[in-house]
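Reader: I've got a model open and would like to talk it through. Where do we start?

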Amino acid sequence: MQNFPFKKTVSFLVLFIFLFSDFALGAPSNKSFFKDKRPNYQRIMQQNEELLNKKKQIHQEQNLQTTDHRPQTSVESKIELASLKDISDIHIP
């Protein structure tokens, strides 16, 4: 019985917050965040083109690096690939 006033206060506070938020969100408002905001299509298109150009440059650099420096496959990597292939061939019913 000692916690009864505390529980009553908390429940009243939760009810009050729920009702206040429900009325506040449901009320019509003439202050709209998206009011009179139109997207700038030109700027969006430029950003997309810049991003595409960056991706193309990265891919071109990677292609140049892979053609210039082909890594020599070592015996260890060949053994590792062979063991992975053997493991992948195992069928567990």
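Author: Let's fix one term up front: helices (H or I, at least four residues) and strands (E, at least two) are DSSP runs, numbered from the N terminus. This is a predicted model, where local features need pLDDT of at least 70, side-chain atom pairs count only at pLDDT 80 or more, and totals for chains, interfaces and linings use all residues. Residues are numbered from 1 along each chain as its sequence is written, and side-chain values use heavy atoms, with hydrogens and water left out.

Reader: What pattern does the protein follow along the sequence?

Author: The secondary structure comes to three helices and zero strands. Read in order, that gives α-α-α.

Reader: Which helix has the highest mean pLDDT?

Author: pLDDT is the predictor's confidence in each residue, from 0 to 100, and the protein averages 76. Helix H3 (residues 75-88) has the lowest mean, 73. The highest, 84, belongs to helix H2 (residues 41-68).

Reader: Is Phe 20 buried or exposed?

Author: Phe 20 sits in helix H1 (residues 4-26). Buried means under 20% relative accessible area, exposed over 50%, partly exposed in between (1.4 Å probe, protein chains only). With a relative accessible area of 56%, Phe 20 is therefore exposed.

Reader: What share of the 93 residues is buried?

Author: Phe 20 is on the exposed side of that cut-off. For the protein, the buried share is 0%.
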